[in-house]
Each structure stands twice: as C-alpha cells, then as structure tokens.
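Work through the exercises below with the coordinates open. Each task is followed by a solution in steps.

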Amino acid sequence: MAVDALAVHVCRAIRAVRGETEAWVSLDRLVGQPGLERRTEVDAAAAFAAAKGWLAFGDEAANLALLLDRAP
C-alpha cells in the first residue's frame, strides 16, 4: 500500500481504537490492526499524516498521536 493511502488508514485506525473520551492514542495500539502489521508501517504512515497536518505528536518519540479535525 502506498504511504499516502496508509496514512489515511492510520487516521481511520486511530478513530477505531480510541475511547470516546480519549484524545491521544499510542501508536503501539495500531500495530496489528488490519493492514498495519508492523510498527515501521505505522511510523511511516503517521509521519506522512503529520506532514499533511492530519496528526500531531505528543512526545519526542512520536509514541502518542492526536488526530486533528482535518484528518480524513
């Protein structure tokens, strides 16, 4: 899957795994979701999504992501 499509997939996966009152999501929770088998895939897609302005990271290690309103 191309990185742009994978980035959209990451945004959708964040919506699927986060709790109703949860804003920040650990990227580790996305590993194992359909189409996101490895952490390297998640990291690459999340970095692309952040560059597009769809995600913000909560720490230097980029382990926590916040899905922004303009995300697909």
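Two strands count as paired if DSSP finds at least two bridges between them. The model used here is predicted.

**Exercise 1. Bridges of β3**

Task: find which residue in β3 is the bridge partner of Ala56, and which is the bridge partner of Ser26.

Solution.
- Step 1. Strand β3 covers residues 64-67 and pairs with β2 in the antiparallel sense, over three bridges. Within β3, Ala56 has Leu66 as its bridge partner.
- Step 2. The pairing of β1 with β3 is also antiparallel and involves three bridges. Ser26 is bridged to Leu64 of β3.

**Exercise 2. Strand order**

Task: state the order of the three strands in the open sheet and say why β1 and β2 each have one side without a neighbour.

Solution.
- Step 1. The order is β1-β3-β2, with antiparallel pairing.
- Step 2. β1 (24-26) and β2 (55-57) stand at the edges with a single partner strand each, so one side of each lacks a neighbour in the sheet.
- Step 3. Ignoring direction, neighbouring strands of this sheet are turned by 35° against each other on average.

**Exercise 3. Faces of β3 and the helix across the sheet**

Task: sort the side chains along β3 by face, then describe how helix α1 lies relative to the strands.

Solution.
- Step 1. In a regular strand, side chains alternate between the two faces of the sheet.
- Step 2. β3 shows this alternation: Ala65 and Leu67 point to one face and are buried, whereas Leu64 and Leu66 point to the other and are not buried.
- Step 3. Helix α1 (residues 3-17) lies across β1, β2 and β3 and runs at about 95° to β3.

**Exercise 4. The nonpolar core**

Task: name the residues that touch the most other members of the largest nonpolar core, and list the contacts of Leu30 beyond four places in sequence.

Solution.
- Step 1. The core has 21 residues, of which Val10, Ile14, Leu30, Leu36, Trp54 and Leu55 touch the most other members.
- Step 2. At least two core residues come from each of α1, α2 and β3. The most come from α1, which gives eight.
- Step 3. Beyond its neighbours within four places in sequence, Leu30 contacts Val10, Ala13, Ile14, Val17, Leu36 and Val42.

**Exercise 5. Glu41**

Task: decide whether Glu41 is buried or exposed, and locate Glu41 in the secondary structure.

Solution.
- Step 1. Glu41 belongs to helix α2 (residues 39-51).
- Step 2. The relative accessible area of Glu41 is 18%. Buried means under 20%, so Glu41 is buried.
- Step 3. Outside the four places in sequence on either side, Glu41 is in contact with Leu6, Gly35 and Leu36.

Note on methods:
Residues numbered from 1 in each chain as written. Predicted model: local features only at pLDDT ≥ 70, side-chain atom pairs only at ≥ 80, totals over all residues. Heavy atoms only, no water. Helix = DSSP H or I, 4+ residues; strand = E, 2+ residues; numbered from the N terminus. Buried < 20%, exposed > 50% of the residue type's maximum accessible area, 1.4 Å probe, protein only. Contact = heavy atoms within 4.5 Å. Axes fitted to C-alpha atoms, helices over the stretch in contact; angles between N-to-C directions. Core = buried A, V, L, I, M, F, W, Y, C linked by side-chain atoms within 4.5 Å.
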